[in-house]
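User: Please take a close look at the salt bridges in this model, one pair at a time. Then turn to the ligand and its surroundings.

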Amino acid sequence: MPDTLKNDRLLRALRREPVDTTPVWVMRQAGRYLPEYRATRAKAGSFMALATNPELACEVTLQPLERYALDAAILFSDILTIPDAMGLGLSFAQGEGPQFAHPVRTRADVERLGVPDMESELRYVMDAVRLIRGELAGRAPLIGFSGSPWTLACYMVEGKGSRDFASAKAMCWNEPALAHKLLDTLARSVIAYLGAQVAAGAQALMIFDTWGGMLGPVAFREFSLRYLAQIVDGLKADVQARNVPLILFSKGANAHLAEMAQIGCAALGVDWTIDLADARQAVNGKVALQGNLDPAVLRASPEVIRREVRRVLDSYGNHPGHIFNLGHGITPEVDPEHVKVLVDEVHAYSHRQG
Ligand code: CP3
């Protein structure tokens, strides 16, 4: 890539090197809380029309960086692109969550699935990555991402969002071999997907294991962590991807931070239910940490936002290896001005600390 990175705080923090000020980005930073996002989405017609159009995906990826001093861009896409490319038929009904026309229920359904071809079935994602890298012109690094095998399996088996993903769990208990076959196909797909994103220009990677925390400790190891480890190993075997830092985010899985820190990723994302000082202790210097302000704090006043930002920074302390973020995605009703308060306070306060 010809561009030189003018802001490498994120990559330095992921390597646990000293930084002038703590890097910050926001999960779902390109999203419905931004009026300019809603306008582009309306122009596209639907979420999938937006996500599959590289020019529009590039436009919305950059929108939050025009407004805020963010230290990273994240590819605008969705975790459910892989199952869509596998033929499950993804759609987003207005005001509702994702839905698959063809959920995965039977052995035949699982056996039919293969690893999608990245430069044909998922070419729109790679084209978006290439375009964004060009348009970013080194302003900040670009994060590529994927869902975890377990989280993708949750949606694929259930066919839609769910409070407990009971049918995905039922497959694990009733037909463990079938669940493992599905998870292995997904892990191999995620390795190819993230590898292709790196080849297209992604400079850091993140895996969203949104539903990892729904599993008990033994099931978490068997059905989630094992496949995260397979992905880390697979990426290490990819000459281009092996040096690209990977952030793993298992929401609600704080009890497993120590184990997750052992599998060879650069950083762990943490939700807001743990103090970062305790999370640091759990990972024992093995990885950087990303997080962990409660997204609901953004509904509070600017004074409260600044106070809570400082509290998160203080809980991590003056050590290398912190990337400031929310503990989960930003929600649609947030006032965009409040995000500016957050980003600016992270930079101002962590700078004073340094
Ligand atoms: O962070 C970013 O700005 C990058 C874009 C991004 C989206 N989805 C765009 C999106 C990312 C990283 C995701 C990840 C994702 N998608 C996850 C994991 C992260 C998490 O929040 O736990 C999950 C579970 C999904 C699946 C998904 N996509 C759901 C459940 C929904 C519907 C809920 C909702 O917020 O509407 C989506 C749709 C979606 N993906 C939207 C966006 C901006 C909203 C759709 C719209 O514009 O109408």
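Analyst: Arg-299 is exposed, because its relative accessibility of 57% lies over the 50% cut-off. This is a predicted model, and every value below is computed from it. The side chain of Arg-299 forms a salt bridge with that of Glu-333, with N and O 2.9 Å apart. Arg-299 sits in the loop between strand S8 (288-293) and helix H14 (302-316), and Glu-333 in the loop between strand S9 (322-326) and helix H15 (336-353), so this salt bridge ties together parts that are 34 residues apart in sequence. Glu-333 has a relative accessibility of 42% and counts as partly exposed.

Salt bridges with shared partners also join Glu-119, Arg-123, Asp-127 and Arg-130 into one network. Within this network, Asp-127 pairs with Arg-123 through their side chains, at an N to O distance of 3.5 Å. Since a salt bridge requires the nitrogen to be within 4 Å of the carboxyl oxygen, the pair qualifies because 3.5 Å satisfies that limit. Asp-127 and Arg-123 are four residues apart in helix H7 (residues 123-136), so about one helical turn separates them.

Asp-127 also forms a salt bridge with Arg-130, where the closest N and O atoms are 2.8 Å apart. Asp-127 and Arg-130 are both in helix H7, at a spacing of three residues, about one turn of the helix. The relative accessible area is 24% for Asp-127, which is partly exposed. Arg-123 is partly exposed at 40%, and Arg-130 is partly exposed at 33%. Across the whole structure, the search finds 20 salt bridges, including those described here.

The ligand is the next topic. The space it takes is the largest pocket. There are 21 residues surrounding the ligand, and the closest are Arg-28, Arg-32, Tyr-37, Thr-210 and His-328. For Tyr-37, an N or O atom of the side chain is 2.5 Å from an oxygen atom of the ligand. Arg-41 places a polar side-chain atom 2.7 Å from an oxygen atom of the ligand. With Ala-30 the backbone takes part: one of its N or O atoms lies 3.3 Å from a ligand oxygen atom. On its own the ligand has 870 Å² of accessible area, and the protein covers 88% of that area.

How values were computed. Residues numbered from 1 in each chain as written. Predicted model: local features only at pLDDT ≥ 70, side-chain atom pairs only at ≥ 80, totals over all residues. Heavy atoms only, no water. Helix = DSSP H or I, 4+ residues; strand = E, 2+ residues; numbered from the N terminus. Buried < 20%, exposed > 50% of the residue type's maximum accessible area, 1.4 Å probe, protein only. Near = heavy atom within 4 Å. Polar contact = N/O pair within 3.5 Å; in protein donor to acceptor, adjacent residues only side chain to side chain. Areas by Shrake-Rupley, 256 points an atom, 1.4 Å probe, with all protein chains shown as cover. 1 Å grid on protein atoms, 1.4 Å probe; cavity = no way out; pocket = protein on both sides within 12 Å on 5 of 7 lines; lining within 4 Å. Sits in = over half its atoms within 2 Å of the grid points.
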